[in-house]
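Please read the following note alongside the sequence and the 3D view. Its numbered points may be taken in order, and each can be checked against the display.

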Amino acid sequence: MAQIKVSDLTFSYEGTADTVLENVNFNIDTDWKLGMIGRNGKGKTTLLRLLMGEYKAEGSITASVRFDYFPYRVSPDDMKKTAEELREKWKPGVESWQVLIQMNQIGMDAECLYRPFGTLSFGERTRVMLAVLFAAENEFLLIDEPTNHLDREARDIVKDFLGKKKGFILVSHDRDLLDGVCDHVLVLNRKTIEVQAGNFSSWWENKERSDAFAEAENEKHRKEIGKLRAAADRSNRWAIKSENSKIGYDPIKETDRNISSRSYIGAKTKKMQSRVKSFEKRIDREIEEKEGLLQDVERVTDLKLEPLQYHKEVLVHAMDLSLRYEGAEEPLFTGLRFQVRRGERVVLSGPNGCGKSSIITAILQKSRQSGQTEKREKRENSESSESSENRKSDLIVSGTLEVAGGLVISYINQDTSFLKGTLREFCKDRGMNETLLLAVLRQLDLGREQFTKPMEDFSEGQKKKVLIASSLITPAHLYVWDEPLNYIDVFSRMQIEKLIRDFRPTMLLVEHDVRFREQVATEVVRLDGNPIDY
């Protein structure tokens, strides 16, 4: 067992004043299964890239092992090649048989190694890359968000596979994955970095206790400082009053005083002033002890939502629904039945490719065809939803799909590629209240320094927060969110969970995060016909 030592690591991107990582210090063992936790934009991926040696930084990284990184870079030309052809590029020196052993462990057919990479599903691509990643020995592996866009079944397969491995850092916002895989956590707090034994749940339990203790200590110090300031103020006023009485007195009113009293008054004043200085020193000590107590406390601000109330009970009604693309021999599914009632949160569940996003597309198209949808919904659906619908315009709907007339829909698409320009330009184009959007983004912990940057420079998590914030400030009858939590940090997920529980908006969601689904869903509709088993 070897160690990886990071000492005084400081890094900022060229051309920016923002310091991503500052004076980072930690030691980790190379046989640990380490989960990395932190807010969006805290530098998790940057730290992995620094370990890979891709960036130059101040400080040092000492390691006796080789690092490798997931996901591998795949160019458009690479999509036409097979994983077997890409193997040497991804992992030089590794043989096919070593990869095939890992593919067997991750539950994949060998033929996937010999198919064009572009023909594989998201889940198949992830599993093939992981098989190649773990094919070599004596490496420490850096795994960056492997479950984004994966369905529940694929996530469970990845979780079982990683649970049998060791010697890696896993960056993930999936609490179920972190609990099922990790034996240590590396946490990028607001001001510090810590390494702790255990998984996400044990760390979160410890953090809640630690934050509560810090808050209690802070309150105790705050009260003590208040008392000391009041005492110092009283003593100071007494000293000033006493000092002013040294010179000059009325012999008629002050018969017990004479000129020799001046020295006595001076000594008393000096004593009072000394007491004031003592109070001030104690105040400084209390403030010094207070400083730093709350630097890593996660204050999760409660979000607000103002959903519109629709006059009918049922907003969406599907009976014996079947969806098929023109030219396809088989439908995506048949005989689907579900309703979205006022105040319900319906989650569509099933494997990738089963038609969840296609249902959302069909509902949006049906809503627009009614000609009664308000302009707010059209603005909110943006270029992303329009391009998505254009791609799926050959969707053939059979059976019954009814969408209430005049419905205002707030929609979040999986795609973030259309986000360009500044937040101000984004608000202007969509007629949004810029101040309100920025306020919600601050509550989601997007730093003010991001407000003037082009959104092309945002991380994927930060882009998702823009879409979520714009949806939250749009009053709507129905909120339709398609995998909204990809790349979103754990703390923001908890904020959104609480928001949905508190305000109970009517929602139709596609989301594979098991913990999130458990918290918010009133009904889960399975497109593969299997029952939900949490």
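The points below move from the whole chain to selected elements and residues.

1. The model under review is predicted. The chain has 534 residues, and buried residues make up 50% of them. Its secondary structure comprises 15 helices and 17 strands.

2. Two further values describe the chain as a whole. Among the contacts with a separation of 6 or more, 72% join residues that are 24 or more positions apart. The chain exposes about 26000 Å², of which carbon and sulfur atoms supply 46%.

3. Helix α1 spans residues 44–51 and is mostly covered, with seven of its eight residues buried. Which residues of α1 are buried? They are K44, T46, L47, L48, R49, L50 and L51. The student may note that the list includes K44 and R49 alongside L47 and L48. Just after α1, G53 adopts a positive phi of about 80°.

4. Strand β5, residues 66–70, is also mostly covered: four of its five residues are buried. The partner of β5 is strand β6 (residues 139–144), and the two pair in the parallel sense over five bridges. Within this pairing, F67 of β5 stands opposite F140 in β6.

5. An open sheet is formed by three strands in the order β11-β10-β13, with antiparallel pairing. Why is one side of β11 and of β13 left without a neighbour in the sheet? Both β11 (333–341) and β13 (395–403) stand at the edges and have a single partner strand each, so one side of each has no neighbour there. From one strand to the next, the twist averages 15°.

6. Within that sheet, strand β10 (residues 314–325) pairs with β11 in the antiparallel sense over six bridges. One of the positions involved is V314, whose bridge partner in β11 is R341. As a general point, the side chains of a regular strand alternate between the two faces of the sheet.

7. The sheet also has a helix against it. Helix α9 (residues 356–369) lies across β10, β11 and β13. The direction of α9 is at about 65° to β13.

8. A pair of packed helices is described by the angle between their axes and the distance between the axes. Helix α4 (residues 122–133) and helix α5 (residues 152–163) pack at an angle of about 10°, and their axes are 10 Å apart. Angles under 35 degrees count as roughly parallel, and α4 and α5 are therefore roughly parallel to each other. Where the two helices meet, T126, R127 and L130 belong to α4, while I157, V158 and F161 belong to α5.

9. How many disulfides does a search of the whole structure find? The search finds zero. A disulfide is a covalent bond between the sulfur atoms of two cysteines. Two cysteines may be inspected here: C112 counts as buried because its relative accessibility is 4%, and C354 is buried as well, with a relative accessible area of 10%.

10. Is R175 buried or exposed? R175 lies in helix α6 (residues 175–181). Buried means under 20% relative accessible area, so R175, at 5% relative accessibility, counts as buried. Leaving aside residues up to four places away in sequence, R175 touches F200, V490, R493, M494, E497, D513, R515 and F516.

Technical notes: Residues are numbered from 1 along each chain as its sequence is written. This is a predicted model: local features need pLDDT of at least 70, side-chain atom pairs count only at pLDDT 80 or more; totals for chains, interfaces and linings use all residues. Side-chain values use heavy atoms; hydrogens and water are left out. Buried means under 20% relative accessible area, exposed over 50%, partly exposed in between (1.4 Å probe, protein chains only). Contact means heavy atoms within 4.5 Å. Accessible areas come from the Shrake-Rupley method with a 1.4 Å probe; for residues, only the protein chains shown count as cover. Two strands pair if DSSP finds at least two bridges between them. Axes are lines fitted to C-alpha atoms, for helices over the stretch in contact, and angles run from 0 to 180 degrees between N-to-C directions. A disulfide is a pair of cysteine sulfur atoms within 2.5 Å. Angles under 35 degrees count as roughly parallel, over 145 as roughly antiparallel, 65 to 115 as roughly perpendicular and the rest as oblique.
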